[in-house]
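Here are some exercises to work through with the model open next to you. Try each task before reading its solution.

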Amino acid sequence: MTTSFTLRGLFQKAGHKLLTERSSALVVLMAIMILIFWILGEQGILLARYDIDYLASSLEALVPIALLALAEMFVIISGYSGIDLSVGAIVSLGGIFFGYFVQILGMPVVLAALLTIFLGALMGLVNGIMVGYARFPPLIATLSTSYIYASLAMVISGQAPISGSKVAATNELTSAIILYNVAVPKQVITFLIPAALISWIVLRWSNWGHRLVAVGTNEEAARYSALSVGRVRCTAYVVSGTLCGLAAVVNVAQFASARPDAGMVGSGMALPAITVAVLGGVVIRGGYGKVGSVFLAALLVTWLNAGLLVSFMGSVGPRMQLLALGVILIGAVLVNTFTTRTTSGV
C-alpha cells in the first residue's frame, strides 16, 4: 500500500517536472541532437558539415514554422478541441494579398505588411465566429475555411505567382545580418523574436491571457465566473490569423515571390505547426501552454530537419523529415497525455 502510494507520488512528480519544465528537456534533447549531427559531419558521413554557420543559415526556416506554432498554441489553449487547420491557407492567401499590394498597387512595404496582417486577423475572425459563437467543431470549421482560403488564393492569382522587381525587393526584409561573425537571417530578430515576446507578455501577464487559460481549462467554471467563453475563444482564432498574416509577409519576402500554394504545398504548414506546438508542451485538451517551450520546439524541429537534409541525397531527406515529424507528433502526444494524467492524479 505504502509502496504503491510512493510510486504514484513519484510518477506525479516526474510528470509535473516533464510538463512544467519542458524547456529544460528540449534544451537537453537539442544539445544531444546537435552533438550527434556535428560528429557525423566531422567524420564526413553527412553530405555537408553540420556547423554553426549551417545552423544559423537554417534559421530561415524557423521563422514561419515558429510563428504558426504560436498561432496553434493560442487556439489549442482555448480548449473545445481547438485546432486551426487553415493556417497554411491563410499564409497562401495573405501572401497573395501582400504581393498584390506591393507589386500591382505599388504600396509601401510597411503599409502592405500591416494590411496583410490585418487581413490575416479577419480570416482568423471568420474561424473564431464559427467556433466561438456558432459552436462549429474546430476541425470542421478550420478545414472548411482552409479549402476556401486556398481556393481564393488560386483564383485571385490566376494560379500563378505574383512576382516582379517590387516583390523581389522585399527580400531585403529577410537578408542576413552578422552577429559575432555568424550570418543570421534578419527575420529572426525583426519578426520572430518580437512576435514571441509579445505572445509571452499577452499569455503570461494580460487579463485576456488569463481568461484564455481559464476558458481552456474549464469552460463551465469560466461561465460561472461570468467570462464570455465564446468571445475569448473567438479572439484566440483572431490572434492565430494575425500571426499567420505575419508569417505570410515573411514567406513572400523569403522567396521574393507571392505563391498561391505557399502554405499548402507538400504536407502544408498546418501539421508541422501543430506538431511543434504539441512538442512544446501545449496540452491538446486545452488550458496550458508556454511560449518559450514552443519556441524551443520549433528550433529543435528546424535543426532536426536541417540535419536530415544533409544526411540523405535527393528527395530522401525531405521524406525523412515527414517521417520524423510523424514520430515526433506521436511521441509528444504520448508524453503530454502521460504528464497530464500523472499531474492530475488520474
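**Exercise 1. Find where Leu59 sits, and list its contacts beyond its sequence neighbours.**

Start with the location: Leu59 is in the loop between α3 (52-57) and α4. Helices here are DSSP runs of H or I with at least four residues, strands are runs of E with at least two, and both are numbered from the N terminus. Before going on, a word on the source: this is a predicted model, where local features need pLDDT of at least 70, side-chain atom pairs count only at pLDDT 80 or more, and totals for chains, interfaces and linings use all residues. Residues are numbered from 1 along each chain as its sequence is written, and side-chain values use heavy atoms, with hydrogens and water left out.

Next, accessibility. Leu59 has a relative accessible area of 12%, so it is buried (buried is under 20%, exposed is over 50%, and partly exposed is in between, with a 1.4 Å probe and protein chains only).

Now the contacts, meaning heavy atoms within 4.5 Å. Skipping neighbours within four places in sequence, Leu59 meets Val184, Pro185, Val188, Leu299 and Trp303.

One last distance: from C-alpha to C-alpha, Leu59 and Met154 are 29 Å apart, with their positions 95 residues apart in sequence.

**Exercise 2. Describe how β1 and β2 pair.**

Take the sense of the pairing: β1 (residues 176-179) and β2 (residues 182-185) run antiparallel, joined over four bridges. For strands to count as paired, DSSP has to find at least two bridges between them.

Then pick out a facing pair: Ile178 is opposite Ala183 of β2.

Finish at the turn. The two strands make a hairpin with two residues between them, and Tyr180 in that turn has a positive phi of about 55°.

**Exercise 3. Which loops hold Tyr80 and Arg135, and what is the sign of phi in each?**

A reminder first: most residues other than glycine have a negative phi.

Tyr80 goes the other way, with a positive phi of about 60°. Look for Tyr80 in the loop between α4 (62-77) and α5 (87-104). With 25% relative accessibility, Tyr80 is partly exposed.

Arg135 also has a positive phi, near 65°. Its loop is the one between α6 (109-133) and α7 (138-157). Arg135 is partly exposed too, at a relative accessible area of 35%.

**Exercise 4. Work out how α4 packs on α13.**

Begin with the geometry: α4 and α13 (residues 270-279) pack at about 70°, and their axes are 8 Å apart. The axes are lines fitted to C-alpha atoms over the stretch in contact, and angles run from 0 to 180 degrees between N-to-C directions. That angle makes α4 roughly perpendicular to α13 (65 to 115 degrees; under 35 is roughly parallel, over 145 roughly antiparallel, and the rest oblique).

Now list the residues. From α4 come Ile65, Leu68, Ala69, Glu72, Met73 and Ile76, and from α13 come Ala270, Pro272, Ala273, Ile274, Val276 and Ala277.

Sort them by class: 11 are nonpolar, none polar and one charged. Here Ala, Val, Leu, Ile, Met, Phe, Trp, Tyr, Cys and Pro count as nonpolar, Asp, Glu, Lys and Arg as charged, and the others, Gly among them, as polar.

**Exercise 5. Do the same for α10 and α12.**

The angle between α10 (residues 207-217) and α12 (residues 229-255) is about 110°, with axes 10 Å apart. So α10 is roughly perpendicular to α12.

On the α10 side, the contact uses Trp208, Arg211, Leu212 and Val215, while α12 brings Val229, Val232, Arg233, Thr235, Ala236 and Val239. The split is seven nonpolar, one polar and two charged.

**Exercise 6. Are Asn127 and Ser257 buried or exposed?**

Asn127 belongs to helix α6. At 0% relative accessibility, Asn127 is buried. Beyond four places in sequence, its contacts are Asp84, Ser86, Ile90, Ala141, Thr142, Thr145, Tyr149 and Tyr237.

Ser257 lies in the loop between α12 and α13. With 12% relative accessibility, Ser257 is buried as well. Leaving out residues up to four places away, Ser257 touches Pro161, Ile162, Ser163, Val167 and Val252.
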